[in-house]
Amino acid sequence: MPANIASPPQRAAVVINPAKVAAGADLRAALIRLCDTQGWAEPLWLETTVEDPGTGQARQAVEAGVDVVIAAGGDGTVRCVAEVLAGTDTPLGLVPLGTGNLLARNLGVDVSDPVSAAYDVLNGTERTVDVVRCSFDHSEDENVFLVMAGVGYDAAIMADTVDVLKDRMGWLAYVEAGIRKLPGKPVRATVRMEGKHPVKRRIRSVMIGNCGRLMGGIEIFPEAKIDDGLLDLLVLAPRGRFGWLGVIAGIFGRRKNKRQSAEYFQGKSAEVTLEHAQEFQLDGDHVGAGKHMAIRLEPGALRIRM
């Protein structure tokens, strides 16, 4: 190419969940104006559907050769887009529009202003983060998550949270569901972390974290970092009438692993085997029920622009 011919402007794709934004046309117009003022081409606009919540749109964006794929929606949209981008050279950008926006919060992305978040993507720098892949009931199919997966109690919360309350109350809707789901029976489980002896417990939940912070700023995995090459795993096994008090003490107390009610482990892979089927969730999305979950970490597999 001759030196006096300018290279074409960069282009972003926006994979957007239309259910997460009331004034979709206004946001689209605002992002088109933003790209124009920042010297970027008009963005490729791709809306998710119930049948395809983001993976097909992300593949279309990669095939179009865009410079960044912006996931505009909640953590579910982000997870679907990341599933396609992981292992590629195409970076992910975040425009938070959901209830939790946990990945964005853990990364310090502006969750209050979508246009401001998009500006940071267009003018930001790239970093790499870890990606977690998991499979259920020995299936060869794998799913991706970036923030947190759960088996049991926390997954049941995600499955039973009322959408109307989420729209009205935001993350407090999960608190309401959590209170309703507190009563319940434990299930026998075997947890195997890479290089460690199996742990057998009667659990209410097993949580696997790639980030540390949940809704309301609660830091349930204080040692977790999204780029440390490690999984953080928490076994919740309340015992007796006041078992949940022991869980709270185990999570927020100073001597975490001295209490079997809440035990922490770290590693690069894990496996959870259950006596009876339990609910599963990935980044806040209920993904069904089963008796086995295998998890493995891919360090630095995803590029994020912010």
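**Notebook: burial, contacts and one helix pair**

I looked up Asn101 and found it buried, with a relative accessible area of 5%. The model I am reading is predicted. Asn101 sits in the loop between β4 (92–96) and α4 (102–107). I checked its backbone: phi is near 50°, a positive value in a residue other than glycine. For reference, most residues other than glycine have a negative phi.

I then turned to Asp137, which also has a positive phi, of about 50°, although it is not a glycine. Asp137 is in the loop between β5 and β6. Is Asp137 buried or partly exposed? Its relative accessibility is 40%, so I enter Asp137 as partly exposed.

**Whole chain**

I noted the totals for the protein chain. It has nine helices and 14 strands. Of its 306 residues, 50% are buried. I also looked at how far apart in sequence the contacting residues are. Among contacts with a separation of 6 or more, 66% join residues 24 or more positions apart.

**Val147**

I placed Val147 in the loop between β6 (143–145) and β7 (148–152). Its relative accessibility is 1%, and because buried means under 20%, Val147 counts as buried. Which residues does Val147 touch, not counting those up to four places away in sequence? I listed Leu102, Leu103, Asn106, Ile208, Gly209, Asn210, Cys211 and Asp283. For the pair Val147 and Asp283 I also took the C-alpha to C-alpha distance, which is 5.7 Å across 136 residues of sequence.

**Gln281**

I found Gln281 in strand β13 (residues 269–282). Gln281 is buried, at 3% relative accessible area. I looked for a polar partner of its side chain: a polar atom there lies 2.8 Å from the backbone nitrogen of Gly284. With neighbours within four places in sequence left aside, I recorded contacts of Gln281 with Met148, Ala149, Gly150, Asp154, Ala155, Met158, His286 and Val287.

**Arg133**

I located Arg133 in strand β5 (residues 126–136). Is the residue buried or exposed? Arg133 is buried, with a relative accessible area of 14%. I traced its side chain to a polar contact with the side chain of Glu298, at 3.0 Å. Glu298 is also in the list of contacts I made for Arg133, leaving aside neighbours within four places in sequence. The other entries in that list are Ala86, Glu142, Asn143, Val144, Ala294, Ile295 and Arg296.

**Helices α2 and α3**

Two packed helices are described by the angle between their axes and the distance between the axes. I therefore looked up both values for α2 (residues 55–63) and α3 (residues 75–85): the angle is about 45° and the axes are 8 Å apart. I enter the two helices as oblique to each other. The crossing of α2 past α3 is right-handed.

Which residues meet where α2 packs on α3? From α2 I noted Thr55, Ala58, Arg59 and Val62. On the α3 side they meet Cys80, Val81, Glu83, Val84 and Leu85. Sorted by class, this contact has six nonpolar, one polar and two charged residues.

Definitions and conventions. Residues are numbered from 1 along each chain as its sequence is written. This is a predicted model: local features need pLDDT of at least 70, side-chain atom pairs count only at pLDDT 80 or more; totals for chains, interfaces and linings use all residues. Side-chain values use heavy atoms; hydrogens and water are left out. Helices (H or I, at least four residues) and strands (E, at least two) are DSSP runs, numbered from the N terminus. Buried means under 20% relative accessible area, exposed over 50%, partly exposed in between (1.4 Å probe, protein chains only). A polar contact is a pair of N or O atoms within 3.5 Å; within protein, one must be able to donate a hydrogen and the other to accept it, and residues adjacent in sequence count only if both atoms are side-chain atoms. Contact means heavy atoms within 4.5 Å. Axes are lines fitted to C-alpha atoms, for helices over the stretch in contact, and angles run from 0 to 180 degrees between N-to-C directions. Angles under 35 degrees count as roughly parallel, over 145 as roughly antiparallel, 65 to 115 as roughly perpendicular and the rest as oblique. A crossing is left-handed if the near helix is turned anticlockwise from the far one by less than a right angle, and right-handed if clockwise. Ala, Val, Leu, Ile, Met, Phe, Trp, Tyr, Cys and Pro count as nonpolar, Asp, Glu, Lys and Arg as charged, and the others, Gly among them, as polar.
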